[in-house]
Amino acid sequence: MKQLREFDIAFVGLTPGVHTFQYQVTDSFFENYGQQDFSNCNATVKLQFDKKNNLFLLKFEIGGTVTVTCDRCGQPFEMQLWDDFNQVVKLVEDPAELSGDEDPDITYISRTESHLNVADFIYEFINLSIPMQRIHPDDANGKSGCDPKVLEMLEKMNKQGEDTTNPIWKGLEKFRDN
């Protein structure tokens, strides 16, 4: 995996206090991470980097759009990204010693480091910004944005599933209400 140098922050030269960084993330960013279940990523990541003596407070604000496939109708649609995440980075003598701590909001790096690469954080936070269930949003009239033909087919299948005349279920009706 090639190193994403534009996501390196040289924190040694920064004065204590809040510093702001902004990144544009497109599909080319994700080439380093393998196949994704979305495409046409156009995200803006605003990072507020608060440098303290022995730690950094990072606040990532994710915005933009990605194209995902609807779980209901199978058609692609553009989904808005909007989320923010906090991460604490602590400077320690031996980060391997503290890696057993299971707090995902705290990252440990060695005091001898001079740069912090935030690409992995950005990758993780963009993926966390996309919900597990992806369904077309309703339009202005409150009507589903899904493909009407697929919705009609789903409704037909639902009605067929409610039909109890299937002989395979004969004799099992007496157990239905128990």
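Ring pairs join F7, Y23, F29, F30, Y33, F38 and Y123 into one cluster. The model examined here is a predicted one, and a search across its whole structure returns 14 aromatic pairs. Two of these pairs are worth a closer look.

The F11–F56 pair is tilted, with ring centres 4.7 Å apart and an angle of 55 degrees between the planes. F11 sits in the loop that runs between strand 1 (8-10) and strand 2 (17-26), while F56 belongs to strand 4 (residues 55-69), so this contact ties together parts of the chain that are 45 residues apart in sequence. Both partners can be placed by their accessibility: F11 counts as buried because its relative accessibility is 4%, and F56 likewise counts as buried, with a value of 0%.

The pair formed by F30 and Y123 brings us back to the cluster, as both residues are among its members. Their rings are again tilted, at 6.0 Å centre to centre and with 55 degrees between the planes. Here the partners come from helices: F30 lies in helix 1 (residues 27-30) and Y123 in helix 3 (residues 119-129), so the pair ties together parts that are 93 residues apart in sequence. As for accessibility, F30 is buried at 3% relative accessibility, whereas Y123, at 23%, counts as partly exposed. The cut-off explains the assignment of Y123: buried requires a relative accessible area under 20%, and the 23% of Y123 therefore places this residue in the partly exposed class.

Key. Residues are numbered from 1 along each chain as its sequence is written. This is a predicted model: local features need pLDDT of at least 70, side-chain atom pairs count only at pLDDT 80 or more; totals for chains, interfaces and linings use all residues. Side-chain values use heavy atoms; hydrogens and water are left out. Rings of Phe, Tyr and Trp (its six-membered ring) pair if their centres lie within 6.5 Å; planes under 30 degrees apart count as stacked, over 60 as edge-to-face and the rest as tilted. Helices (H or I, at least four residues) and strands (E, at least two) are DSSP runs, numbered from the N terminus. Buried means under 20% relative accessible area, exposed over 50%, partly exposed in between (1.4 Å probe, protein chains only).
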